[in-house]
Amino acid sequence: MAGLESAYLLDWVHLNVGGTCFLTTKATLCKRRESFLHRLVCDDPDLSSAKDESGSYLIDRDPAYFSCILNYLRHGKLILNKDLVEEGVLEEAEFYNLPDLVQLAKERIQLRDQSGPRNSSINHVYRVLQCQEGELSQMLSTLTDGWKCKQILSMSQYSYGSGDQGDFLVVMSKDVTHMRSDSSPTIEQTEKAKEMLDRGARS
């Protein structure tokens with residue numbers, strides 16, 4: 001009986017995660033009984049699942065972070081590639097119901113944030129966009145990826161011509177963290193943004 005159970009756990013399982021195929025053993029996926037993956041491969045009747053044409057389990061999640069999930073189940077460690085962030089691991093660990101990995105990711109985030117100011121600097125990047133009055137509200141409501149509105153300037157006050165009376169310059173900023181060997185602050189902004197901010201401050 002024990003031999004049959006061991007053979008069962010050594011079965012290979014195909015997973016299609018966000019369009020990327022993974023191959024691992026049932027034993028790996030069953031390491032945490034409370035996890036989503038354990039329930040998936042054990043055909044939990046309360047968990048609906050689907051398979052693609054090759055028979056792989058379909059999971060609509062980020063495949064880049066799934067490698068971290070598999071490695072954690074294999075080794076019990078959080079192994080993070082340099083192009084991934086702890087917040088992404090935390091999100092996936094919560095989805096797959098891996099409380100130990102959730103705690104580990106939170107500890108990593110706390111440790112990173114505590115040591116961050118000594119090893120990184122924030123660069124302030126600016127962009128200047130021109131838009132008409134009717135487009136202004138839509139532009140502001142669709143700002144994404146960390147961009148924030150710094151200042152709105154009416155072009156009419158700079159006498160650019162009668163055709164620009166209804167136009168605006170929108171100065172946007174974004175904070176970008178860079179790893180550095182010292183703690184000296186670095187601020188980068190384009191000459192156009194500097195000029196617009198200086199004019200706005202004097203108006």
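Me: Is Glu92 buried or exposed in this model?
Reply: Quick heads-up: this is a predicted model, where local features need pLDDT of at least 70, side-chain atom pairs count only at pLDDT 80 or more, and totals for chains, interfaces and linings use all residues. Residues are numbered from 1 along each chain as its sequence is written, and side-chain values use heavy atoms, with hydrogens and water left out. Buried means under 20% relative accessible area, exposed over 50%, and partly exposed in between (1.4 Å probe, protein chains only). Glu92 comes in at 6% relative accessibility, so the call is buried.

Me: Which residue forms a salt bridge with Glu92?
Reply: A salt bridge here is a side-chain nitrogen of Lys or Arg within 4 Å of a carboxyl oxygen of Asp or Glu. For Glu92, the closest N and O atoms of the pair are 2.9 Å apart, and the partner is Arg61.

Me: Which residues share a salt-bridge network with Arg112?
Reply: Arg112 pairs with Glu86, closest N and O atoms 3.0 Å apart, and with Glu87, at 2.6 Å. Glu86 is buried at 13% relative accessible area, while Glu87 is partly exposed at 37%. Through shared partners, Arg112 sits in one network with Glu86, Glu87 and Asp113.

Me: How many disulfides are there?
Reply: A disulfide is a pair of cysteine sulfur atoms within 2.5 Å. Take Cys131, which is buried at 3% relative accessible area: the closest cysteine sulfur, in Cys149, is 9.3 Å from its own, so that's too far for a bond. By this rule, the disulfide count is 0.
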